[in-house]
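Q: I would like a close look at one part of this model, taken slowly and with the reasoning laid out.

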Amino acid sequence: MKKLLTIFSLLIVVAANAQTNDEKELTEKTYLLSHTVFGSKDSVTLEKLLAKTVSYGHSHGNLQNREEMIKGITKNQSNYTDTAASNIKIFIQDKTAIVRYLFKAKENKKDGTVVDLDFSMMLVWIKEKKEWKLMGRQAVSVK
Amino acid sequence: MKFILTILSSLFFAGVFAQTVDEAKLIATVKEFHQALVTKNTVSLNQQTDKALSYGHSNGWVQSKKDLIKDFERGFISYQSFKEDSITVLMNDNVANVRFVADITATLGGTTTVNNYNLRVLEVWVKKGKRWVLFARQGVKG
């Protein structure tokens, strides 16, 4: 009985840890994605974060597939300052995860204009070969 | 050779057919869900949504599954109509990104003012056994 209990509690600890590892990976990848999209614009980092197929929705409602998204981000000529991601919430269901967070920044456009961004983000992550990859994204302006 | 080709192409068509059937079934479920929002069928809504549902509106407001059902029961939100158009499905195993354009009329906060919304919506559906359930939704003004 005692042995059973030990095994059982070990299993619980393992399960609890697994959950935490997923959450940790998802949080790190969410920050990395944000830094890549609004900072480094590095295509190699971006490619590694993406699933085979992606649908990427902007706050104005326009939609991009994987290829269009990579092109759009790497060729984006705006600079973003005062970037801040907060209120990260993670929902996991088997091999799918939803990450929601708030994102604020100043977009310094090439023509010199500055726009305040205030977004609510929803990300869809899926597990591909044991790694979380981005399958969907929808930004909403909450200004 | 011809035999192998026949088998291969049958398999290919079976695969394509399976996906089309799956997609059709999912789209039917999606439409049923939207009508359940209008009829406030909380029994259906309960079955059609995952317990970890997050339902995001175009102004940033996010409802949990509990909120979604409770807000109907207390009359906080009421949909008069829900029409979806241009549905596209991006499927990856047991997960689907369903995107569409929505025309919605709704009253909010217990008032009788009818609001019209034209939205671009992303819904994330996950397959549990043989059923698709809504895991997340986010609308954005179109």
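In which strand of chain A does Asp82(A) lie? Please describe its backbone and surroundings, and then go on to chain B and the side of chain B that touches chain A.

A: In this predicted model, Asp82(A) lies in strand S3 of chain A, which covers residues 79–93. The phi of Asp82(A) is near 50°, a positive value in a residue other than glycine. That deserves a remark because most residues other than glycine have a negative phi. As for its surroundings, Asp82(A) has 10 other C-beta atoms within 10 Å and is therefore exposed, the limit for that class being 12 or fewer.

In chain B, Ser86(B) is placed in strand S3 of that chain, and this residue has a positive phi of about 50° although it is not a glycine. Ser86(B) also counts as exposed, because 9 C-beta neighbours are found inside 10 Å.

Turning to the contact between the chains, 24 residues of chain B are in contact with 22 residues of chain A. On the side of chain B that touches chain A, the elements giving two or more residues are strand S1 (49–56), strand S3 (77–92), strand S4 (95–108), strand S5 (115–128) and strand S6 (131–141) of chain B. S6(B) gives the most to this side, with five residues. By residue class, the side of chain B that touches chain A divides into ten nonpolar, ten polar and four charged residues.

Technical notes: Residues numbered from 1 in each chain as written. Chains lettered and ligands numbered in written order. Predicted model: local features only at pLDDT ≥ 70, side-chain atom pairs only at ≥ 80, totals over all residues. Contact = placed C-beta atoms within 7 Å. Helix = DSSP H or I, 4+ residues; strand = E, 2+ residues; numbered from the N terminus. Nonpolar A, V, L, I, M, F, W, Y, C, P; charged D, E, K, R; others polar. Buried ≥ 20, exposed ≤ 12 C-beta atoms within 10 Å, placed from the backbone.
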